[in-house]
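Please follow the structure below through its charged side-chain pairs, its aromatic rings, one helix and a set of strands. The discussion proceeds residue by residue.

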Amino acid sequence: MISKQLVLGGTLFLGGSVALFALTQKNNDTTQAITSHEKPVVAKQEDVVRPTVQPLTTDIETERRLLEQKRQEREARTLEQERQTQALLAEQERAKANALQKAQAEQDAKKQPQATTDDSSPAKLTVQTRPEIIKAQEEAKKAEAQKEADRKAEQAKKAEQANNQTKEMAKKDVKTDKKEPVKAETKAPKGQHTVQQGDTLIKLSHQYGIPVSVIASANNIGRNDTLTVGKNVKIPSKSEAQKIAKANEAKKSDNKEKTDTKVQAKEKSNTKKSNKVPTHYSVQVGLVPKDKATELAKQYRQAGYKVQTSQTSRGVRVLVGSAKTEAEAHTLKNKIIKDGRVKTEGAWVKQVDEINAP
């Protein structure tokens, strides 16, 4: 215990001596500073944390250099980002190309599932197709083959039909040639015309200036008869055409007189038979329903005709005019047919004994 107290006392004494010496030395420094008119030096406080202030740069060139350095750093970062982006896009393109190549390889494998490779060729990736897909492909191929076969059969059938038609036409031409041989270089005699393909009486009439009726009469054919290719048709001269036209007019007049005579005889016969009500003749222009009959009658009345109707079991009969003789009724019928103010689909003479007003 005594030794510890001694040691503690010695330590306190030594520390006090050191502190006293330091205080004395500090007082001496202060006294010297005041004596020499110098500012006292303030001791630094080690325990106080002061913020570090970066000094302002007053040099313009330094500022520019710093700004340029920052700009270069930004550009470097931008270039690096662009490089990374390009690398990423290139990687995506490579992945896409690989995927397309793989898909093409799968399609090729489907198209040629039984293709064999040589031993010398490098090993390739083989793709196995599922059985249902192979079956569907085979069915599709069979359907396509059947369709192609049907199409070829249809074409062959059409070709055969065309061939048969050609043979039939050739047979007809041979028969025609045997009956009436036609030479292309042979010229028709004067006053005649060799019929060519497409010739008609109307065409010959325009070509030679002769009426159709005259050419038909000169060749003893009808106005609507067709001309046989290779046959010679007589073309009358102008004087002959005039004679034939006069003969046709006379013939027409005779036919008209005969018709009128027959009509008159018929009228007389009908007059003798009828001893109850005087017989009338009208022109029937329609046998239609009631609503259409009203419209049809209105149309003829507006054109100035006298219209009467008669109800029948099949509809309403529309009658135009009233004539005492059949000849007058025929004249009225021709007038109605030629009248452009009314639309007549069919008109005929009707003998009536009683007419009901509409």
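In this predicted model, Glu148 has a relative accessibility of 30% and therefore counts as partly exposed, because buried means under 20% and exposed means over 50%. Its salt-bridge partner is Arg151, with the closest N and O atoms 2.2 Å apart. Arg151 is likewise partly exposed, its relative accessible area being 40%. Both residues belong to helix α3 (residues 131-179), where a spacing of three residues means that Glu148 and Arg151 are separated by about one helical turn. An α-helix has 3.6 residues a turn, so residues three or four places apart point the same way. In addition, side chains of opposite charge can pair when their charged atoms come close.

A second pair can be read in the same manner. In helix α2 (residues 60-111), Arg94 and Glu91 are three residues apart, about one turn of the helix. Their side chains meet in a salt bridge with an N to O distance of 2.3 Å. Arg94 counts as partly exposed at 46% relative accessibility, and Glu91 counts as partly exposed at 43%.

Asp199 and Lys203 form another salt bridge, in which the closest N and O atoms are 3.3 Å apart. Here Asp199 is buried, with a relative accessibility of 10%, whereas Lys203 is partly exposed at 40%. Beyond such pairs, a network of salt bridges links Glu68, Arg71 and Glu75. How many salt bridges does a search of the whole structure find? The search returns eight.

For aromatic pairs, a search of the whole structure finds one. The pair consists of Tyr300 and Tyr305 in an edge-to-face arrangement, with 6.1 Å centre to centre and 65° between the planes. The arrangement is classed as edge-to-face because the angle between the planes is over 60 degrees. Tyr300 and Tyr305 are both buried.

Attention now turns to helix α4 (residues 201-208), in which Leu201, Leu204 and Ser205 are buried. These residues cover an arc of only 105° around the axis, and they therefore lie on the same side of α4. What covers these buried residues? The covering elements include β1 (192-194), α5 (212-218) and β2 (232-234). Ile202 and His206 are exposed, and they are carried on the face of α4 turned away from its buried side. After α4 comes Gly209, which has a positive phi near 70°.

The remaining part of the account concerns strand β5 (residues 315-323). Eight of its nine residues are buried, so β5 is largely enclosed by the rest of the structure. Which strands pair with β5? One of them is β3 (residues 280-288), which runs antiparallel to β5 and is joined to it by six bridges. Within this pairing, Tyr281 stands opposite Ala323 of β5. Another is β4 (residues 307-312), which also pairs with β5 in the antiparallel sense, over six bridges. A hairpin of two residues provides the connection from β4 to β5. Two bridge partners illustrate the register of β4 and β5: Thr309 is matched with Val318, and Ser310 is matched with Arg317.

Arg317 merits a separate description. This residue lies in strand β5. Is Arg317 buried or exposed? Its relative accessibility is 14%, so Arg317 counts as buried, the limit for that class being under 20%. The side chain of Arg317 makes a polar contact of 2.8 Å with the side chain of Gln284. With neighbours within four places in sequence set aside, Arg317 is in contact with Gln284, Gly286, Leu287, Gln308, Thr309, Ser310, Thr312 and Lys350. The description of Arg317 thus combines a place in β5, a bridge to Ser310 and a polar contact with Gln284.

Technical notes:
Residues numbered from 1 in each chain as written. Predicted model: local features only at pLDDT ≥ 70, side-chain atom pairs only at ≥ 80, totals over all residues. Heavy atoms only, no water. Buried < 20%, exposed > 50% of the residue type's maximum accessible area, 1.4 Å probe, protein only. Helix = DSSP H or I, 4+ residues; strand = E, 2+ residues; numbered from the N terminus. Pairing = 2+ DSSP bridges. Polar contact = N/O pair within 3.5 Å; in protein donor to acceptor, adjacent residues only side chain to side chain. Contact = heavy atoms within 4.5 Å. Salt bridge = Lys/Arg side-chain N within 4 Å of Asp/Glu carboxyl O. Phe/Tyr/Trp six-rings, centres within 6.5 Å; stacked < 30°, edge-to-face > 60°. Arc of directions from axis to C-beta.
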